[in-house]
Amino acid sequence: MKAIQKQGTGRAAYAELPIPQCGPKDLLLKPLYSGICATDLHVLYHDLGQGDKPFPVVMGHEFSAVVAEVGSEVDGYIEGGTKIEAGHRVTVEPILPCGKCEYCHRGKVNLCPNMSHLGIYENGCYADFVSVPANRVHRLPDNLPDLAGALVEPLACAINFVDKARIQPGNSVVILGGGSIAQLTLQVALASGAGTVIVTDPVAKKRELALKIGAHAAIDPMREDVVSRVRELTGGGADIVIECVGVAATVSQMVQLVHRGGRCVMAGIPTGKIPMDLLDLVFGEIELVGVMATVWQFPRAMRMIELGRVDVRVALDKVVPFSQAIEGLKEAFESSEVGKVVIQHGA
Ligand SMILES: [Zn+2]
Ligand SMILES: [Zn+2]
């Protein structure tokens, strides 16, 4: 089968590999659409999570797929009591928890210190086939399109960000960044009853998209003073800030954007150390919360898409055939203009 491997820092290449064995508790899947996410770019270009992990690894972790084979010990039922058979369409939670530690026992599988992860430590979905543990698989509802199925994972992440933000009806929310995950977070925040929502991004196209989706203001941080604009628009500071970038400029600013008693959610993945002035955090009893991927948000994400509460396609920039996926990865990394890129398998 054909697969896209990370073979070194910044080096992705097509490889011819054997079709993976479907273990007794696994499902062998044939991917339909795969998303390119900032995490994949961090893995490829910044060696995220791969300090002591040898290359190569098949990349990719957000996808929809068809079940090709069901493992001999899979009892036919997966999450939600759904019977699973060959031919069913599915999506997959890419975190592979150990199932044995205290965090796993408490259901906090995204905090499992022994976790593996598709496309980072385990061979992922940028391939003709991928084998995954059956208990990480969700069947896609019939009315949820294949393409949208590849966007369930990032939407589930956005729901986790909003869960951590604990948005209450009418809360003012600042979303730092206008990338695809930020645009999904914006939609979830609005659907959750947020009041004034403000998005910041230096790229005009992303600000325009945020306004189209329903943001009340979109600030260009290159031309405007974000702190004073946010204070002006929210009457002294927002209730909540959700940071979706992970760079020094936005992270160091978070605490200044909320009012005393406000909450900052750190969703972006920083690639290095970021200095911050935390005096206001102490004096203002400001909460600073980290958020990591997803934990049980997949069913809610699928329901929000089905019910039309969120339109995952708005964050989608382009669909590239599998044969051009490596160019797609490069473009997504190099251009700040590009939103979500999705790979179409078998094309
Ligand atoms: Zn992702
Ligand atoms: Zn564990």
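Domain bounds here come from an automatic or database domain assignment, and the model you are looking at is predicted.

**Close-up 1. Two domains share the protein chain.** Domain 1 is made of residues 2-150 + 311-344, while domain 2 covers 155-290. If you place a point at the C-alpha centre of each domain, the two points lie 28 Å apart.

**Close-up 2. Here domain 1 touches domain 2.** On this view, 11 residues of domain 1 meet 12 residues of domain 2. Helix α1 (residues 38-46) supplies the largest share of the domain 1 side, with 4 residues. By character, that side of domain 1 splits into 5 polar, 4 nonpolar and 2 charged residues.

**Close-up 3. The largest nonpolar core counts 109 residues.** Have a look for Leu27, Leu155, Val173, Ile175, Val241, Ile242 and Val265, which touch the most other members. Helix α4 (residues 152-165) gives the largest share of this core, 9 residues. Both domain 1 and domain 2 contribute residues, so the core lies between them.

**Close-up 4. Val241 and its contacts take the centre of this view.** Setting aside neighbours within four places in sequence, Val241 is in contact with Val174, Leu176, Met254, Leu257, Val258, Cys264 and Val265. Val265 also appears, with Val241, among the core residues that touch the most other members.

**Close-up 5. An open sheet of 3 strands runs in the order β2-β1-β4.** The pairing is antiparallel. Strand β1 (residues 2-8) is joined to β4 by 2 bridges, and Lys6 stands opposite Val57 in β4. At the edges are β2 (11-16) and β4 (57-58), each with a single partner strand, so one side of each has no neighbour in the sheet.

Conventions:
Residues numbered from 1 in each chain as written. Chains lettered and ligands numbered in written order. Predicted model: local features only at pLDDT ≥ 70, side-chain atom pairs only at ≥ 80, totals over all residues. Contact = placed C-beta atoms within 7 Å. Nonpolar A, V, L, I, M, F, W, Y, C, P; charged D, E, K, R; others polar. Core = buried A, V, L, I, M, F, W, Y, C linked by C-beta atoms within 7 Å. Buried ≥ 20, exposed ≤ 12 C-beta atoms within 10 Å, placed from the backbone. Pairing = 2+ DSSP bridges.
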